[in-house]
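Biologist: I have not seen this structure before. Could you take me through it in questions and answers?

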Amino acid sequence: MIYTIVLLPLAASIIAGLFRESIGHKGAMGVTTTSVVVSAFLSLYTFYVMAFKDQAQPAFTHYLYTWIETGDLSVRFGVMVNKLTATMLLVVTSVSACVHVYSIGYMAHDPHRARFFSYLSLFTFTMLALVTAPNLLQMFLGWEGVGLASYLLIGFWFKKPSANAASMKAFIVNRVADLGLLLAIFTVFWTFGSLEYADIFAQVQNLHTEYFNFLGFDIHLLSLVAMLLFIGAMGKSAQLGFHTWLPDAMEGPTPVSALIHAATMVTAGVFLVARMSPLFEFSPSVLEIVTWVGGLTAIFAATIGMTQHDIKRVIAYSTCSQLGYMFFACGIGAYPAAIFHLTTHAFFKALLFLGAGSVIHGISDEQDMRKMGGLKFALPVTYFIMLIGSLALMGIPPFAGFFSKDLILESAFMSQTHSGMWMYILGTAAAFMTAFYSARVFYLTFYGKNRGEEDVYKHAHESGLVMLAPMFVLVVGAVLSGWVLYDMGNLDWWKGALFIADYHTGLANAHDIAWQWKYLPLAIVLFGGFMGTVFYLWKTDLPVKVSSALGVIYTFVYRKWMVDELYHGIFVCGVKCLAHKFHKIGDVMIIDGLLVNGCAKAANLSGLIARRLQTGYVFHYAFAVVLGVCLFVTWLLF
């Protein structure tokens, strides 16, 4: 059944892509959507039998065939299924199924929608291949497939220069990070002699004291592997330093944003760290880095989210921030809390993206919130959906985000470490900002007076049932997943799929946290929502006054901390300058000047010299013949 779940989207993608002229747009949409919906129901059943059934299905690994057999390297294709796999299957296929159904309405007038659906199914297949892989090499194939499919989807509207630039940016940034993952795979094989997860995990404890010398430095072997793996995870999950591709990816159609930024591509990095938890737990120095990168990403992205005007970009930076929560949860050893938050976040973040798409669809593709307002009555169902999604993102009980986010903060506080306490502080501060920008999006979109074109406002309309129905499925997830999956936050629930070393006690002690520290983040969130209400509902002149008062600080944050400009100055301009130097020295001076033109000048000079010998006088030629005969005879005699 697992193979059916994985391969159905691939088969549908091939049929829709290669035979779209024969089956038409409706046929392509039908075959891809049906295949992913079937995969979603099969994934739900798999999750049920592994997580909730009285006699739960134990974890298993099954191989189809041996792909590579050479020397000590043996790589087999197959699947590795445990509770972590089952959880990811459920998340990926359920959100993907909702996105497929939603896209039938959203892309109804696009002339290339058959190709779009083919890409969506391809994206789903590559993510499923990634999470079911039993070894690092098969995982890497899925990893790179996700990168390829994201490039195709972000740049789907290829006639837009901005979409082409965004797809290239996403592809290149991820390829830079993927170099770290590739080096990690090489190092793993060199260290463990195998790429199979089972073989790696079996040897970790015996190798955790191993070092090797490089240029006079003793390097901890497992820490090197963990750091390289984390570099790959940072790129795919848009962590600080590798985050710049994510907001630009909003150039793709809105369903793409929901799929990439909710349940698939950006969660791959968190999944990788969780899957390799036995290795990371024996690399405490790397986990410290994971912790701080996650915490700084959470606060960094949240500050930017408070200043952006594009509704999709605000939600994109929100995704970046929430991924930071997941990573610092992994860093403090709370892997179950991280995956719990990954799961709940997938539902309410996909809901927010699709809700934003419904708003954009209803007001003639407008994305700037400064040109919205007063849409509460024009889009009543979307209003309700966005309200549920916003409350879940803010972490207001009883919605799903409250359970998972607060478990992460409680684990950080109870870890009793310096880093853990800082993560509690940063996470609480980011929660305030999350509540503030969530309220900002909600009020700017649905309340106040219309700030856009009057004609657009008059024709604003609610989305059709084919777009609303999948959003209500996600509403159920945003409301109930925190309750239904609450036990996911306990290590015992995972039955060995995740590993936590004895020195990480934060998650185990999270439920013993004092009540004031337990509910402080909730109080901060309510205060953040209240401040958002004051700024964008009651005192709507305050945002302009505050931004003007902050001056250069506001501009700095609005310009995304100038990271894009910094990268442009260092990397883009640096590469251009280097290329210019290579052009001047290597191309103009050496290749053109010395080799091409130099050879031509040498031939010309030799011709000038040889021409002086060709005088046209017979006695000169006769003298040359006699001289040559004399030299030849002399050579023969002596």
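## Questions on the chain

Biologist: How many positive and how many negative side chains does the chain have, and how far apart do the centres of the two sets lie?

Modeller: This is a predicted model, and the values are computed from it. The chain carries 36 positive side chains and 34 negative ones. The centres of these two sets are separated by 11 Å.

Biologist: How many helices and how many strands are in the chain?

Modeller: The C-alpha atoms fill a box of roughly 115 × 65 × 60 Å along the principal axes. Within the chain there are four strands, and the helices number 25.

Biologist: What percentage of the residues is buried?

Modeller: A residue counts as buried when its relative accessible area is under 20%. The chain has 638 residues, and the buried share of them is 54%.

Biologist: Among contacts between residues at least 6 apart in sequence, what share joins residues at least 24 apart?

Modeller: The count takes contacts in the chain between residues at least 6 apart in sequence. Of these, the share that joins residues at least 24 apart is 80%.

Biologist: Which helix gives the largest share of the nonpolar patch?

Modeller: The accessible surface of the chain is about 27,500 Å², with 69% belonging to carbon and sulfur atoms. On it, Met1, Tyr45, Tyr48, Phe52, Val476, Leu480, Trp483 and Val484 make a nonpolar patch of about 800 Å². Two elements give two or more residues to this patch: α2 (20–51) and α20 (465–484). The largest share, four residues, comes from α20.

Biologist: In which helix is Trp483?

Modeller: Trp483 is one of the residues that make the nonpolar patch. Its place is in helix α20.

Biologist: Is helix α11 largely enclosed by the rest of the structure or left open, and how many of its residues are buried?

Modeller: Helix α11 covers residues 268–275. Its buried residues include Phe271, Leu272 and Arg275. The helix is largely enclosed by the rest of the structure, because the buried residues number eight of the eight.

Biologist: Is Cys320 buried or exposed?

Modeller: Cys320 is found in helix α14 (residues 311–331). Leaving aside residues up to four places away in sequence, Cys320 touches Ala238, Gln239, His243, Thr297 and Ala301. Its relative accessibility is 2%, so Cys320 counts as buried.

Biologist: What distance separates the C-alpha atoms of Cys320 and Tyr151?

Modeller: Along the chain, Cys320 and Tyr151 are 169 residues apart. Their C-alpha atoms are separated by 19 Å.

Biologist: Which two residues does a cis peptide bond join?

Modeller: Most peptide bonds are trans. Here a cis bond has an omega of about 10 degrees. One partner, Pro398, sits in the loop between α16 (380–394) and α17 (400–414). The bond joins Pro397 and Pro398.

Biologist: Is Ser364 buried or exposed?

Modeller: Most residues other than glycine have a negative phi. Ser364 is not a glycine, yet its phi is positive, about 60 degrees. Ser364 lies in the loop between α15 (335–362) and α16. With a relative accessible area of 55%, Ser364 is exposed.

Biologist: What is the relative accessible area of Trp561?

Modeller: Trp561 is a residue other than glycine with a positive phi, near 60 degrees. Its loop runs between α23 (552–558) and α24 (563–613). Trp561 is partly exposed, and its relative accessible area is 34%.

Biologist: Which residue forms a salt bridge with Arg370?

Modeller: Side chains of opposite charge can pair when their charged atoms come close. The structure holds twelve salt bridges. Arg370 is partly exposed at 47% relative accessibility, whereas its partner is buried at 15%. The closest N and O atoms are 2.9 Å apart, and the partner is Asp368.

Biologist: How far apart are the closest N and O atoms in the salt bridge of Arg559 with Glu565?

Modeller: Arg559 counts as partly exposed at 37% relative accessibility. Glu565 counts as partly exposed too, at 30%. The closest N and O atoms of this salt bridge are apart by 2.7 Å.

Biologist: Which residues do salt bridges that share partners join into one network?

Modeller: Asp564 forms a salt bridge with Lys560, with 3.7 Å between the closest N and O atoms. Lys560 is buried, having a relative accessible area of 18%. Salt bridges that share partners join these two with others, and the network is Lys169, Asp248, Arg313, Lys560 and Asp564.

Methods: Residues numbered from 1 in each chain as written. Predicted model: local features only at pLDDT ≥ 70, side-chain atom pairs only at ≥ 80, totals over all residues. Heavy atoms only, no water. Buried < 20%, exposed > 50% of the residue type's maximum accessible area, 1.4 Å probe, protein only. Contact = heavy atoms within 4.5 Å. Areas by Shrake-Rupley, 256 points an atom, 1.4 Å probe, with all protein chains shown as cover. Lys, Arg positive; Asp, Glu negative; His and termini not counted. Charge placed at Lys NZ, Arg CZ, Asp CG, Glu CD. Patch = residues over 30% accessible without salt bridge, like charges linked within 9 Å, V, L, I, M, F, W, Y side chains within 5 Å. Salt bridge = Lys/Arg side-chain N within 4 Å of Asp/Glu carboxyl O.
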